[in-house]
Every structure is written in structure tokens, then in C-alpha cells.
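Student: I should like a close look at a single part of this structure, namely the largest nonpolar core and the elements around it. Please set it in the context of the whole chain and proceed in one connected account.

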Amino acid sequence: MNPPSLPPSVLETVLEQLAESVLITDASGRILYVNQAFEHLTGYSREEVLGQNPRFLKSGAHSREFYRMFWEQIRAGVPYRGLFINRKKDGTLFTEEKIVTPVRDPSGNISYFVATSRDVTGGIAFQTRLRELTTHDPLTRLLNHRAFLERVERDLATPVRGMALAYLDLDRFQMVNDLLGHRGGDAVLAEVGRRLLAALPEAVLGRVGGDEFAAWYPAEDPDEARGKGRLLLEALALEVPVQGKPVRLECSMGIALFPQHGASFTDLLRRADLAMHRAKLLRTWEPEVFTPDLEGLTPQALALETSFREALSLGRAQLVFQSLLDLGDGTFRNAEVLFRIRGSEGLSNPLPHLDLSRRSVNEPLDRFVIGQARGLQEKYPDLTLWLNVTPWSLGDPTFLAFVRREVEEGLEPERVVLEINERLAQPQLARIVPALWKLRAQGFRLALDDFGSGQLSLVHLQSLPLNFLKIDRELFWSHRGNGLHPPPVIAHIVAMARDLGLGVALEGVETESDLALAQALGVDLVQGFYLHAPDSEPRNPGQVSDRPEMP
């Protein structure tokens with residue numbers, strides 16, 4: 001008895017009613033059969049595809065290499081299972097999970113290929129969206145902070161050429177939120193994401209904060225990093241239409257370079273952030289590349305330093321005078337020159353709040369003061385200028401060359417006393433002593449300022465080519481007692497100075513009794529508010545007074 005079998009008509013009915021798409025080709029790939037599910041899935045009728053090669057379904061999403069490997073496998077008689085992204089008749093892309101099975105004839109030759117498939121577009125789209133939500137910011141479609149960090153760290157773990165990490169911050173974005181509401185603010189952020197993606201396709205872009213973005217892109221040097229960063233800024237320096245209103249975006253950018261400025265994401269981001277804060281304060285709307293002088297600065301300190309440098313560049317720096325009284329002849333032929341910044345509330349002294357050890361502070365400060373001295377000498381021909389110079393500049397050969405050029409161009413060194421702060425100079429004596437001797441040889445006189453604020457030994461003091469000791473006001477105030485007798489500590493300093501052949505100046509003369517103490521101590525010069533408060537003009541150098549009047 002023969003086993004039961006299905007008649008061919010039943011098999012055809014089964015194929016027609018299968019929920020999965022079925023496509024059968026001959027060994028050359030020519031379509032011999034498709035079922036109704038195929039027609040429903042692709043939009044092509046049976047009559048349109050019979051005799052055709054299935055390549056009309058290609059979407060362009062797969063490479064030639066993909067199809068080469070696919071055909072090699074099935075022609076070798078090995079079934080293939082995988083995902084294909086194909087195109088329907090109406091142009092819509094769809095993803096199908098396909099199994100292609102080679103069918104052999106009795107001789108063992110492949111005569112047919114049977115492909116069964118099902119539409120998994122919805123599931124793939126869901127998985128893709130889910131994966132995107134874990135790695136991308138849903139608003140801007142840029143990488144989120146974690147994914148951006150992981151991408152940069154992955155690049156840093158493998159040999160890469162020079163790279164730049166740019167850190168961008170939208171300025172005054174809170175104002176945008178206030179004007180347009182959070183929905184309008186979200187629309188602006190979405191537009192920022194679109195523009196950044198279009199501006200620099202080679203960059204890896206991320207949203208790393210509420211209104212903060214980052215870009216990671218190839219750059220061999222600061223100029224290349226700046227140029228590419230400028231493309232990002234220019235893309236945002238346009239008005240964005242939000243709810244029918246034009247919103248002008250302004251953005252600050254700081255850049256750190258790999259490997260010059262760090263080998264880790266943390267170091268690069270921190271240094272790019274420092275550069276960004278400088279860009280924000282300078283308000284030039286240009287990319288700022290990190291420089292070593294920014295290292296260690298807090299945002300508050302950076303703001304102060306930037307304000308100081310901005311005052312110099314914009315002409316808001318000003319020198320004022322505090323005259324010194326010569327107790328020998330009662331004249332005011334000496335005046336200390338003090339640095340001030342002119343602002344909306346008048347003149348202010350920024351120096352107590354700045355880190356004078358930073359070259360970005362001391363170099364422009366000292367060059368400004370020395371550079372103004374020649375003009376002051378011309379204006380006040382009878383005045384000796386006491387100019388403060390930081391010890392860090394004295395250790396810089398380029399500064400000494402600058403001073404030498406000023407002398408060559410007319411600065412009279414014999415009418416200048418250079419003041420060096422004892423406390424600041426003490427740690428750097430080895431570096432500055434040769435410079436002091438060179439300045440003394442040029443004709444400058446030298447004063448050790450705020451003497452008593454440091455702990456210079458007598459040996460060190462004897463090694464310095466000084467002309468004056470200028471006693472610290474705090475030391476004077478702490479020992480002046482009832483004002484009836486000369487303070488022993490101050491008297492000892494005066495005596496020591498005399499033994500060394502030095503003149504003595506005293507700061508902090510605020511009252512008539514202070515002046516009487518100074519006279520009793522036998523100092524040469526006195527300075528303080530009782531005699532002259534800092535002013536845009538010095539006291540008349542030739543003025544002689546037995547009892548100085550209050551200014």
C-alpha cells in the first residue's frame with residue numbers, strides 16, 4: 001500500500017495561503033513563482049515579476065560585498081538566513097527576515113532557490129529606536145553624554161591621528177526659554193542639532209548638557225581645529241525661526257587638542273571647558289583653543305583675569321600716583337605709580353584678586369607700567385617714579401630686553417625706582433638676582449617693597465643690589481603702639497638698613513602721630529593717605545611743607 005501524499009493542487013494551495021512570502025527561482029535566479037503574500041508584501045503582481053531577476057527589489061542599502069557573499073553561499077548549496085532591506089513598488093523601504101534554500105535535482109545539481117520571508121520592519125524599527133534612545137538625545141538626535149564619552153574613549157584607546165574636542169555653550173539660552181517657553185526652547189535645541197550635523201559631517205557630535213554640546217573631529221594643529229570649529233559656530237550664528245519669531249543664537253566655544261592637551265576624555269573636556277569660559281568672557285564669538293596659562297584657573301579667577309586683560313586691550317587701564325614725602329627736605333619729588341582699572345563705578349585695583357605668578361597676568365601688567373613710564377617722565381620732569389615690577393617678569397629675558405629697548409628709546413633709568421615685593425621675590429631669588437644687577441647697571445634704583453612681609457635673611461639681603469628698603473605698612477601698624485615712642489622692631493630695621501647703606505621708606509602713614517613716629521625713626525621717605533591718597537595727579541614735586549595737609 002502506497003503512503004498517502006498530497007496532490008500538487010493542494011501543495012499549490014498551501015503555498016498560496018502561507019502567511020510568509022514565497023519566491024522560487026531557477027538556478028540562474030529567474031523568478032518562476034511568487035505567492036500572494038509576496039504580492040501583498042512588495043506591491044508587485046505575479047505577472048510583473050515572473051521571469052525577472054529579484055534584483056528589482058534592491059534598495060541600495062547593501063554593498064556589493066554583501067550580495068557576493070550571499071550568492072557564494074547559496075550556490076555552494078548552503079541555506080542563507082539573514083535580514084534584507086528591500087524596496088517596495090511604491091518606493092517604501094522594508095526589512096524582511098529571509099531564508100533562501102538551494103534545492104538540488106536527483107543528480108545533485110542545484111536547480112532551484114526557494115526564498116521564504118516575513119516582514120520585520122516594525123520590530124527592527126522598534127529595536128533601532130530603542131537602541132537610539134539609549135545612545136542619542138531624543139531632542140537633537142545627537143549622541144547623549146554617555147555615548148559621546150564612550151565614542152571618544154574608544155578612539156583614544158586606539159592609535160588615532162590628531163583630534164580636537166570642541167565644547168560649545170549656548171549663551172543666554174535661559175533668556176530664550178523665558179521668551180518662548182520650554183517648547184520654544186526645545187525647538188531651538190532641535191534646530192541646533194540639525195545645524196551642527198550639517199555643518200561638519202566628519203565630526204562626532206553630542207549634547208553633553210542642557211545647552212552644552214561637544215564635537216570630536218580630526219585636527220592636527222590649533223589652526224585646523226579653530227577653522228573647523230568656526231564652521232560649527234557660523235552654522236549657529238544665524239536667526240532661527242521659532243514659532244514665527246526670529247531667535248538669534250550666540251555660542252561660545254573652547255577647544256582642546258589630542259594629544260597636546262591631554263590623553264583622556266576627562267582632561268580634554270576640562271581644558272576645552274576652560275577655553276570656552278575664556279571665549280565667553282572675551283565675547284569675540286571665535287573658537288578659543290586651550291593654552292597652558294589657563295591650567296588651574298577657576299571660572300571666577302578666569303573671569304577676573306579676562307576682565308584685566310580686556311581692560312588693557314580696550315584702554316581702560318590707568319596709572320595713578322601716591323606721592324612720597326621726603327622728610328629731609330619736605331618735598332614730594334617721589335611718587336609710586338599704581339595700576340587701576342577704570343569702570344562704571346570709578347577706578348578699582350584688580351591686583352589683590354589676580355594671581356600675579358601667571359605669565360598671562362604679570363607680563364602684560366609689567367610691560368604696560370614700564371611702557372607708560374617714558375611718557376610720565378616727559379610730563380613730570382622733576383618726578384622720580386617708583387614702579388612695581390613682579391619677580392616673574394624679572395626672570396624673563398624677553399622682559400629685560402623690553403626694558404632695555406625702552407631705555408634706548410628715551411626712558412631715563414636714573415629717575416626710576418623699581419619696587420620688588422619681598423614676599424613674592426623670596427622664592428625666586430636665584431632667578432632674579434642676576435636681572436637685578438643688570439637693571440642696577442643700567443642706572444635703575446631698586447627698592448625691596450613691603451619689607452617685613454617675607455622672611456628674607458640678612459645673607460640674602462646683602463646679595464641684592466638694593467638702594468631702598470620700603471617697610472611694610474602692616475608691620476608698621478602692628479608695632480606702632482601708642483604712637484609716643486619709636487617701635488623697637490621698626491627701629492631695628494631702620495638701623496639694619498643704615499648699616500647696609502640703604503635708604504628707608506615707610507608705608508602706612510595715616511595720621512599725624514604716624515608721621516611723628518616716622519620722623520622719630522629717622523626714615524627718609526614716608527607714604528600714606530595722610531600725605532596723599534592715590535590720585536590721577538602726583539603732588540607738586542617742588543612743594544615744601546612743614547606739616548602736610550590732608551589731601
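**The largest nonpolar core and its surroundings**

Tutor: In the protein chain, 61% of the contacts with a separation of 6 or more are between residues 24 or more positions apart. The model is a predicted one. Its protein chain holds 19 helices and 21 strands, and 47% of the 551 residues are buried.

The part requested is the largest nonpolar core, a set of 71 residues. Within this core, the residues with the most contacts are Ile370, Leu387, Leu394, Leu418, Leu469 and Val526. The element that gives the most to the core is helix H11, residues 359–379, with 7 residues. Another core, of 29 residues, lies apart from this one and includes Ala219, Leu233, Cys251 and Val289.

Leu418 is a convenient point of entry. Leaving aside residues up to four places away in sequence, Leu418 touches Ile370, Leu387, Val389, Leu439, Phe444, Arg445, Leu446 and Ala447. Two of these partners, Ile370 and Leu387, are themselves listed with Leu418 among the residues with the most contacts inside the core.

Helix H11 deserves attention next. H11 packs against helix H13, residues 397–408, at an angle of about 10°, and the two axes are 10 Å apart. H11 is therefore roughly parallel to H13. On the H11 side, the residues that meet H13 are Arg359, Glu363, Asp366, Arg367, Ile370, Gly371 and Arg374. Their counterparts in H13 are Thr398, Phe399, Phe402, Val403, Arg405 and Glu406. Ile370 thus takes part in the contact with H13 and also touches Leu418.

H11 also contains Asn362. With a relative accessible area of 4%, Asn362 counts as buried, because the cut-off is under 20%. Asn362 touches Leu356, Ser357, Thr390, Trp392 and Ser393, again without counting residues up to four places away in sequence.

From the helices, the account turns to strand E19, residues 468–471, where Leu469 is found. Side chains of a regular strand alternate between the two faces of the sheet. In E19, Phe468 and Lys470 point one way, whereas Leu469 and Ile471 point the other way. All four of these residues are buried.

E19 has a pairing with strand E18, residues 445–451, in the parallel sense over 3 bridges. Within that pairing, Leu469 is the bridge partner of Leu448. Between E18 and E19 the chain passes through helix H16, residues 458–463, and the resulting β-α-β crossover is right-handed. E19 is also joined to strand E20, residues 503–506, by 4 bridges, and these strands run parallel. There, Leu469 stands opposite Val504. Leu469 accordingly has a partner in E18 and another in E20, besides its place among the residues with the most contacts in the core.

For context elsewhere in the chain, an open sheet of 5 strands has antiparallel pairing and the order E2-E1-E5-E4-E3. Its edge strands are E2 (31–34) and E3 (80–87), each of which pairs on one side only. From one strand to the next, the twist averages 25°. Within this sheet, strand E4 (residues 93–104) and strand E5 (residues 110–119) are joined in the antiparallel sense by 9 bridges, and Ile99 stands opposite Thr116 in E5. Helix H4, residues 64–75, lies across E3, E4 and E5 and runs at about 140° to E3.

Key. Residues are numbered from 1 along each chain as its sequence is written. This is a predicted model: local features need pLDDT of at least 70, side-chain atom pairs count only at pLDDT 80 or more; totals for chains, interfaces and linings use all residues. Side-chain values use heavy atoms; hydrogens and water are left out. A nonpolar core is a set of buried Ala, Val, Leu, Ile, Met, Phe, Trp, Tyr and Cys residues joined through side-chain atoms within 4.5 Å. Buried means under 20% relative accessible area, exposed over 50%, partly exposed in between (1.4 Å probe, protein chains only). Helices (H or I, at least four residues) and strands (E, at least two) are DSSP runs, numbered from the N terminus. Contact means heavy atoms within 4.5 Å. Two strands pair if DSSP finds at least two bridges between them. A crossover is right-handed if, with the strands pointing away from the viewer, the path from the first strand over the helix to the second runs clockwise. Axes are lines fitted to C-alpha atoms, for helices over the stretch in contact, and angles run from 0 to 180 degrees between N-to-C directions. Angles under 35 degrees count as roughly parallel, over 145 as roughly antiparallel, 65 to 115 as roughly perpendicular and the rest as oblique.
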